[in-house]
Amino acid sequence: MATTEQTVHSDGRVELTDPDALANSPYANAELAPTRLPERTWTTYNYAALWMGMAHNIPSYLLASGLVAIGMNWLQAFLTITLGNLIVLVPLLLNSHAGTKYGIPFPVFARAFYGVRGANFPALLRAFIACGWFGIQTWIGGQAIYVIVGELFGNGWLNASAIGGHPWTMWLSFAFFWVLQMVLIFRGIEGLRRFENWAAPLVTVAFVALMVAILVKAGGFGPILSQPSKLGWDADFWKIFAPSLMGMIAFWATLSLNMPDFTRFGKGQRQQVWGQIIGLPTTMSFIALVSIITTSGTVVLYGSAIWDPVELTRRFENPVIVTIGLIMAILATMSCNVAANVVSPSYDFANALPRWLNFKTAGLVTGVIGVVIQPWRLISDPSIYIFVWLSFYGGLLASVAGVLIAGYWLIDRTNLFLADLYQPNGRYWYAAGWNWRGVVATLLGSLLAVGGAYSNPGAGPFPQDGLIPFLKPLYDYSWAVGLVVGFLAYVALTLTAPSRQSTASHAAPSY
């Protein structure tokens, strides 16, 4: 079936009837335009492999090991992470639908609810957080390279003179790994798909090997699983459970927004849904279990939790084992980092300057900002990593997710007009290209979610009583608060103050 603008195929996927209709649009380029049907080739395996590659990485490992380091036992940490990933799967799948149906990336999808220009607000918010993640992952990969070369060249490399608190050889390793990832980005999205397909299984093998090595040294599962929780199951545990759960959800809150960047290439809804169901909860639960067992084993062996797998790998005496383990760590980091933290901001920055930036040049911008953010500070402590970095940005992005879900599923009933997403003065232009309803709903959700951000003394940048003291109790539930408030506020504002354009967009297309 076809309209003058778009064709709806029998499987429900939609494409522009005339792709050249966007040729003169100042809000379109080759990366942002809807994916044509012949280019939508990703299968269930491709999405499962993508999630294996993104989930089996060192920051995922640090999630679980960080929970052990702050006092949880293996069961408490495993349940917290598994529940968090089952929860975040829901908004992730809801927002993925639009990518598969219309072949559009996240920033173009956001135009329907924020306006053609206003979509830059959530897109750039998402992009800068991704830059932070890119920097964190690149620092971790650089650490692995630093240790590998140290195994080969000895203390002269490892104990080189310090610059900015780290050996200059560490900075060199960081720079080398940064360049390595830029090379992969310049190969484009198809090169990334091929890389994920073979890298993901190797990474899984590496993490299992590390766990087995620790089990052998610790004398099996018994000593590890018998480790008591420092928190018990009473008030001490429940006090940190809620903010920890929000942190676990927030870990993939970024992808719950921008998964359309990948599902736009899907063969159909069934392929992307099942690929993600198979890929995310199972792989995250698996890496969590591996991390928990391994980190608990370090308590048995060394008397304290070693939560950093790069540091743990250095404890092994055999240089061959150390080198192989860290090469796998590098593959794990590249596999996750490029997919999760460069693809999205590349589209987001290109959306802001479509005539100046494309996927590759925007990826370079992402890499530069990722260094400027100083990622080595963000992962210096498990409390800062989980309760400051994850919990704060999770609340911000949850409010955006609430707006997208409300607009797409409840208000527009999954019906979008493709050409108008790229045109001035169309259905999604609203007022000067901005839909104030989406912006206000996001700001309100963000304020209530993170306005009460607090840190324990010496454990973060926020005041102990919260930025806004009366909102402090909400911060422990930051992601949930942001999602619910963003959702309800957008619905309320749209129904009570509809615009001419948004009213038109609510009607189903006629075929």
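Start by selecting helix H5 (residues 120-153) and helix H7 (residues 168-185) in this predicted model. Their axes come within 8 Å and cross at roughly 120°. Angles of 65 to 115 degrees would count as roughly perpendicular and those over 145 as roughly antiparallel, so H5 and H7 are oblique to each other. Turn the view until one helix sits in front of the other: the crossing of H5 and H7 is right-handed.

Now show side chains where the two helices meet. On H5, pick out residues including Phe 134, Trp 139, Ile 145 and Tyr 146. On the H7 side, the contact includes Trp 171, Phe 174, Phe 177 and Met 182. Try colouring this contact by class: you'll get eleven nonpolar, nine polar and no charged residues.

Next stop, the largest nonpolar core, which has 98 residues. Select Ile 104, Phe 113, Trp 252, Leu 404 and Leu 416, the ones with the most contacts inside this core. Then add helix H19 (residues 382-411), which gives the most to the core, with eleven residues.

Stay on Leu 416 for a moment. Leaving aside residues up to four places away in sequence, Leu 416 touches Gln 6, Tyr 102, Ile 104, Phe 109, Ala 112, Phe 113, Tyr 408 and Tyr 428.

Apart from that core lies another one, of 24 residues. Select Phe 134, Ala 144, Val 149 and Leu 158, which are among them. You've already met Phe 134, in the contact of H5 with H7.

Finally, zoom out to the whole protein chain. There are 23 helices and four strands to find, and buried residues make up 61% of the 511 residues.

Note on methods: Residues are numbered from 1 along each chain as its sequence is written. This is a predicted model: local features need pLDDT of at least 70, side-chain atom pairs count only at pLDDT 80 or more; totals for chains, interfaces and linings use all residues. Side-chain values use heavy atoms; hydrogens and water are left out. Axes are lines fitted to C-alpha atoms, for helices over the stretch in contact, and angles run from 0 to 180 degrees between N-to-C directions. Angles under 35 degrees count as roughly parallel, over 145 as roughly antiparallel, 65 to 115 as roughly perpendicular and the rest as oblique. A crossing is left-handed if the near helix is turned anticlockwise from the far one by less than a right angle, and right-handed if clockwise. Contact means heavy atoms within 4.5 Å. Ala, Val, Leu, Ile, Met, Phe, Trp, Tyr, Cys and Pro count as nonpolar, Asp, Glu, Lys and Arg as charged, and the others, Gly among them, as polar. A nonpolar core is a set of buried Ala, Val, Leu, Ile, Met, Phe, Trp, Tyr and Cys residues joined through side-chain atoms within 4.5 Å. Buried means under 20% relative accessible area, exposed over 50%, partly exposed in between (1.4 Å probe, protein chains only).
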